[in-house]
Each structure stands twice: as structure tokens, then as C-alpha cells.
Amino acid sequence: MSPVSSAASGSDPAEALVVGVDSGGSGLRIALARAADGAVLGVRSSREPVRTGPAGISAGHLLAQVLPAVRTLTEPHRGRPVVAVAVGAAGMATLGDDLRAVLPGAFAEAWGVRRLALAADAVTAYAGALGQRPGAVVAGGTGMIALGTDLASWRRADGWGHLLGDCGSGAWIGRAGLEAALRAYDGRSGGSAALLARAEKVFGPAAGLPGALYPRSDRPAVLASFAPEVGWCAAGDPVAADILARAARHIAEAAEAVCPAGPGALVALTGGLFKMGDPLLVPLRAELARRLPEARTAVPAGDPLAGAVGLAAALATGTLRLPEDPAMLRLWRGDVPAL
């Protein structure tokens, strides 16, 4: 048994600790925090994404990174118990069966933890942005998903990947920009000479674009890499500006689909896509105001790791209000069997 898990069950609650984990396509981040208020005491990170195999997201690979990181983080706090853990993972909803089967027992064995939240990354993005208030969060990057709750249930829109959806995402904007570039190359209507020039600067001769793109296993990321070029051209190119206006409509439609009805709901935008700034945000704010006139736009309070820490702290203190869902947010409240 580790020094963390050997603390007496009657330890001072003010000494209790929680762990938050954010697992995504670019790697893994682990935070240790105080249970009482969620104040972060330390963070460890890995650039190695958790592997996905036939059984879905690999619980063994996640544990191989999380357990040593927590051991290091808790070393300065020996004797203080870890009482709750929250893991947010990209793909949890559809690929999380191995995590749900293995992690409760593994964390109970490692630290004596009986309170655990396993969440889709959209849920931790929501919790980081809005906490436990009703509203909607749009998480935009290479992909795009909207998640909303009235604190009774979750509603999701999009997040279906670059072939079937992710409308308005970085990959969607980049693909639309490259299509406009190739239309200009062909002499077809709807083309953009400005986007053609940017595409050839980034990728080389336009005729080579299919060969440069189609064989890539990271096509969504490659497409999304061109989205900033669309933003750069938008001020002086009507085709690029129209692409961003259409992206704004798609994003606002997703937010509208998940946002609770009535006044007082909050809408937050989180993720790297929105760092594009005014070329996207100006038409998006106009669309949100038109579609959700009773909602209020909120600045995200934190990122998905902050959301995971917040979930763990709320679970530890019995204050969790976000709704449980078999795929989006699975909870264990002291019912993990001892190994």
C-alpha cells in the first residue's frame, strides 16, 4: 500500500487531497489538489497520448502514466489521503469501456479511493468553463462539440468527426479554405486567389495537395492547420470571410441545440479554435445573440484539467450537481469494491 493510501480514514478532512486527470490527443495532464477548495498543489504532464486499441482507450497505458505521476506529486504531502479522482478523456463516451471496467478497482487498490468520476472530455471542458451552472459550452479545436445541461440531463450536439460533422471546427474551416483554393486553381466559381496563394505557400503546388493530404493518418489536424490562414485572409477576401461566417452559423446552431431554454443560461466558448479572434468571433457573437437572445455569454473560468479537479473536489465534498450519465459522466460514490 502506498503512503498516500495508508492514511487513517478518520484523517482531518481539511488534509484530504483529490486528483484530476485530463487525457487528450496531445497527451496527459495530472493535477493534485486540496479536496476542500480544489486549489491545485502540483501538475505533471506527458506528451504521450493514451493508446487506443481493440478494447478502446487503454486503461493499462493510462495507469502506467498516472500512478507514477501521482506518486511524485504526493511525495511532499505524505500522510494526506487522496479521497477522490476524476478522469476526463477524449473518446470516453464511445471508447471508455476498458477505463470504466479497470480504473475503479485500480485506484481503490493504489490509494484506497472509493470516489471516482469518469467523464468525457466535453464534460470536463464544461466543468472547467462553467463549473456547475446550467448552460452550454462549445469546445472548438481541430474538432467541435457542444454540450449543455439544465443540471438534470446532458445534451450533446456534433462532435461526430471530420467526415460526418465537426461543423465549424478547425478541420472544417481548413477543408473549406483548401476547397476554395482548388476552385481558384481550376478557374471554377467560388474560388479564392488569396487562399490559393496561402495554400501553395503552406503545402506547395496546388496540384500536389491530394497526394500531400489523403495518405496522412492525421488528416483532421492537417486540415485544421490551414484554418488560421483562412482567418488571416478574411479581412480582405470575401470568400474567406464567408467561410468563417458559415462556420459561425454551424457553431451557433450547435450551441442552440444544447442550451437550456429560458433566461439565465450561460454560453461559453473554449478551445484553441477561438484564439482565431475577431474574424470568427465577430460573426459568431452575432449568431449567438440572434439564436440565443436570453442566454448570457461567459468567459471560461478554466480548462478541462481545472474541470477534472473541480469534479473530483465536488465528489469528495458531496457537492456535485452535474448530472450522471452512463457514457458522459459515470460516478462511483464509495461503492468501489476493495481488492
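1. A quick word on handedness before anything else: a crossing is right-handed if the near helix is turned clockwise from the far one by less than a right angle. That is the case for α1, which passes α3 in a right-handed crossing. The contact draws on Ala59, Gly60, Leu62, Leu63, Val66, Leu67 and Val70 from α1, and on Asp98, Leu99, Val102, Leu103, Ala106, Phe107, Ala110 and Trp111 from α3. Sorted by type, the residues of this α1–α3 contact come out as 13 nonpolar, one polar and one charged.

2. On the geometry of that pair: α1 and helix α3 (residues 97–111) pack at about 30 degrees, and their axes are 10 Å apart. Angles under 35 degrees count as roughly parallel, and α1 and α3 are therefore roughly parallel to each other.

3. Keep in mind that this is a predicted model. Mean pLDDT for the protein is 90, with 95% of the residues at 70 or more. The stretch to be careful with is residues 1–10, where pLDDT is below 50; even so, the model gives this stretch 15 contacts beyond near neighbours in sequence. Where pLDDT is low, the predicted coordinates should not be read in detail.

4. Now the sheets. One is an open sheet of six strands with mixed pairing, and its order reads β3-β2-β1-β6-β7-β13. The edges are β3 (40–46) and β13 (329–333); each has a single partner strand, so one side of each has no neighbour in the sheet. Ignoring direction, neighbouring strands here are turned by 10 degrees against each other on average.

5. At the β13 end of things, strand β7 (residues 115–120) runs antiparallel to β13, and five bridges join the two. If you want a spot to look at, Arg115 sits opposite Arg333 in β13. Two helices to check against this sheet come next. Helix α1 (residues 59–74) packs on the sheet and touches β1 (17–24), β2 (27–34), β3 and β6 (82–89), with its direction at about 35 degrees to that of β2. Helix α12 (residues 304–317) packs on the sheet as well, touching β1, β2, β3, β6, β7 and β13; its direction makes about 145 degrees with that of β1.

6. There is also an open sheet of five strands, ordered β10-β9-β8-β11-β12, again with mixed pairing. What stands at its edges? β10 (154–158) and β12 (296–298) do, each with a single partner strand, so one side of each is left without a neighbour in the sheet. From one strand to the next, the twist averages 20 degrees.

7. Within the five-stranded sheet, strand β11 (residues 266–270) pairs with β12 in the parallel sense, over three bridges. Leu266 has Arg296 as its bridge partner in β12. Helix α4 (residues 121–130) packs on this sheet, touching β8 (135–140), β9 (144–149), β10, β11 and β12, and its direction makes about 115 degrees with that of β8. α10 packs on the sheet too, where it touches β8, β9 and β10; its direction is at about 25 degrees to that of β9.

8. Two backbone values deserve a look. Most residues other than glycine have a negative phi. Leu151, in the loop between β9 and β10, has a positive phi near 75 degrees. Asp158 also has a positive phi, about 60 degrees, though it is not a glycine; this residue lies in strand β10.

9. Back to helix pairs, with α10 in a second role. The axes of helix α9 (residues 227–234) and helix α10 (residues 238–258) come within 7 Å and cross at roughly 120 degrees. α9 and α10 are therefore oblique to each other, and α9 passes α10 in a left-handed crossing. Val230, Gly231, Cys233 and Ala234 of α9 meet Ala240, Ala241, Ile243 and Leu244 of α10. By type, the residues of the α9–α10 contact are seven nonpolar, one polar and no charged.

10. Last pair: helix α5 (residues 170–186) and helix α6 (residues 193–203) have axes 8 Å apart and pack at about 105 degrees. Angles of 65 to 115 degrees count as roughly perpendicular, and α5 and α6 are therefore roughly perpendicular to each other. On the α5 side the contact is made by Gly177, Leu178, Ala180, Ala181, Ala184 and Tyr185, and on the α6 side by Ala193, Leu195, Leu196, Ala199 and Phe203. The α5–α6 contact divides into ten nonpolar residues, one polar and no charged.

Methods. Residues are numbered from 1 along each chain as its sequence is written. This is a predicted model: local features need pLDDT of at least 70, side-chain atom pairs count only at pLDDT 80 or more; totals for chains, interfaces and linings use all residues. Side-chain values use heavy atoms; hydrogens and water are left out. Axes are lines fitted to C-alpha atoms, for helices over the stretch in contact, and angles run from 0 to 180 degrees between N-to-C directions. Helices (H or I, at least four residues) and strands (E, at least two) are DSSP runs, numbered from the N terminus. Angles under 35 degrees count as roughly parallel, over 145 as roughly antiparallel, 65 to 115 as roughly perpendicular and the rest as oblique. Contact means heavy atoms within 4.5 Å. Ala, Val, Leu, Ile, Met, Phe, Trp, Tyr, Cys and Pro count as nonpolar, Asp, Glu, Lys and Arg as charged, and the others, Gly among them, as polar. pLDDT is the predictor's confidence in each residue, from 0 to 100. Two strands pair if DSSP finds at least two bridges between them.
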